[in-house]
Amino acid sequence: MYAFCREVDDIVDECTDKTIAERKLAWWREEIDKLFRGRPQHPISKALAPWIEPFGLRGEYFLEIIDGMAMDLQYQGYETFADLEVYCYKVAGVVGILSTHIFGFDKPETLTYAKHLGTALQLINIIRDVGEDRLRGRVYLPEEDIKQAGLSPDDILKGEHTPALQSLLQFQAQRAKAYYTKALSYLPEADRYRQKSGLIMAKVYLSLLDVMASEQFMVLDKRISLTPIKKLMIALSTASKEKKRHKKYLKSLSVADA
């Protein structure tokens with residue numbers, strides 16, 4: 001699944017001819033249809049084929065990811081957060097839902113958790129990548145929020161750090177954290193341990209967000225990141241906490257059954 005996401009993402013990022021990129025995405029739409037009809041052609045599709053039924057993967061999710069890539073290809077900015085939220089769902093929320101199917105779940109609320117977690121992580125990506133996107137002539141922050149901060153998209157494209165920009169990015173950071181909290185409110189304890197990979201990733205992203213905040217969101221000139229050692233420490237710590245929490249949950253079930 002990761003290889004599929006990487007493949008369609010690279011089409012948009014690396015193909016300099018928009019027409020060719022559109023044709024490649026169209027080809028992948030046809031390939032997904034073939035995959036779910038049992039006739040995959042591409043090596044990635046062939047590798048996916050044996051797992052479609054066991055994990056309950058649905059073709060519409062793969063097509064929505066392609067839709068998200070097409071939105072990037074046809075980029076015109078996002079006037080409102082509602083517009084941006086659709087993009088976040090297609091490029092991240094759907095990936096979270098597919099991952100949830102692979103990790104395993106029993107409760108339908110877990111899919112809602114995955115959707116909101118994907119939005120939270122994508123919002124953090126957008127904050128981190130403001131500088132890189134600027135160099136491509138793009139601003140993924142909602143225009144309504146930019147105007148509310150007393151700025152315009154052109155102000156961001158100029159690459160000037162201002163108190164207004166810092167305030168704007170702080171607002172986006174608070175929104176990302178709110179979506180993370182919202183996501184957790186939907187995650188049932190019964191499914192939590194199987195979803196630990198997503199929880200680990202979330203902790204890594206939240207730590208990155210904290211680092212960006214501590215550096216006053218100076219993201220226009222550099223890409224702020226965590227060291228591999230820091231990521232490993234967060235992963236190990238989170239995995240350990242989730243394991244202890246799961247043991248306590250199982251113990252509570254045993255007591256309830258006694």
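**View 1. The lining of the second largest pocket in this predicted model.** Ten names make up the roll call here: Arg-128, Met-201, Val-204, Tyr-205, Leu-208, Arg-223, Ile-224, Ser-225, Leu-226 and Lys-231. Helix α13 chips in the largest share of them, four residues. Sorted by class, the lining comes out as six nonpolar, one polar and three charged residues. The space inside is about 250 Å³.

**View 2. The largest pocket, with its 38 lining residues.** This one holds about 1200 Å³ of space. To find your way to its centre, look for Val-91, Ala-92, Gln-122, Asn-125 and Tyr-205, which lie nearest to it. Tyr-205 may ring a bell, since it also lines the second largest pocket. The helices that each supply at least two lining residues are α1, α5, α6, α7, α8 (130-135) and α13. As for the mix, you'll find 19 nonpolar, nine polar and 10 charged residues around the pocket.

**View 3. Helix α7, mostly covered.** Of the 20 residues in α7, 16 are buried. From first C-alpha to last, the helix reaches 29 Å, close to the 28 Å expected at 1.5 Å a residue. Besides giving at least two residues to the lining of the largest pocket, α7 (109-128) gives two or more to the largest nonpolar core.

**View 4. The largest nonpolar core, a set of 73 residues.** Four members touch the most others: Phe-4, Leu-25, Leu-141 and Met-212. Several helices give two or more residues to the core, including α1 (2-14), α2 (18-36), α11 (163-186) and α13 (196-214). The top contributor is α6, with 10 residues.

**View 5. Met-212 and the residues it touches.** Leaving out residues up to four places away in sequence, Met-212 touches Ile-124, Ile-127, Arg-128, Phe-217, Val-219 and Ile-224. Two of these, Arg-128 and Ile-224, turn up again in the lining of the second largest pocket.

**View 6. The largest cavity, one of two of 30 Å³ or more found in the whole structure.** About 40 Å³ of space lies inside. Around it sit Ile-126, Val-130, Asp-133, Arg-138, Val-139, Tyr-140, Leu-141 and Ile-156. That makes six nonpolar and two charged residues, with no polar ones.

**View 7. The second largest cavity, with a volume of about 30 Å³.** Its lining is Glu-189, Arg-192, Tyr-193, Glu-242, Arg-245 and His-246. Helices α12 (189-192) and α14 (228-257) each supply at least two of these, and α14 has the largest share with three. Here the count is one nonpolar, one polar and four charged residues.

Notes. Residues numbered from 1 in each chain as written. Predicted model: local features only at pLDDT ≥ 70, side-chain atom pairs only at ≥ 80, totals over all residues. Heavy atoms only, no water. Core = buried A, V, L, I, M, F, W, Y, C linked by side-chain atoms within 4.5 Å. Buried < 20%, exposed > 50% of the residue type's maximum accessible area, 1.4 Å probe, protein only. Contact = heavy atoms within 4.5 Å. Expected span 1.5 Å × (residues − 1). 1 Å grid on protein atoms, 1.4 Å probe; cavity = no way out; pocket = protein on both sides within 12 Å on 5 of 7 lines; lining within 4 Å. Points joined across faces, edges and corners; volume = space filled by probe spheres on them. Nonpolar A, V, L, I, M, F, W, Y, C, P; charged D, E, K, R; others polar.
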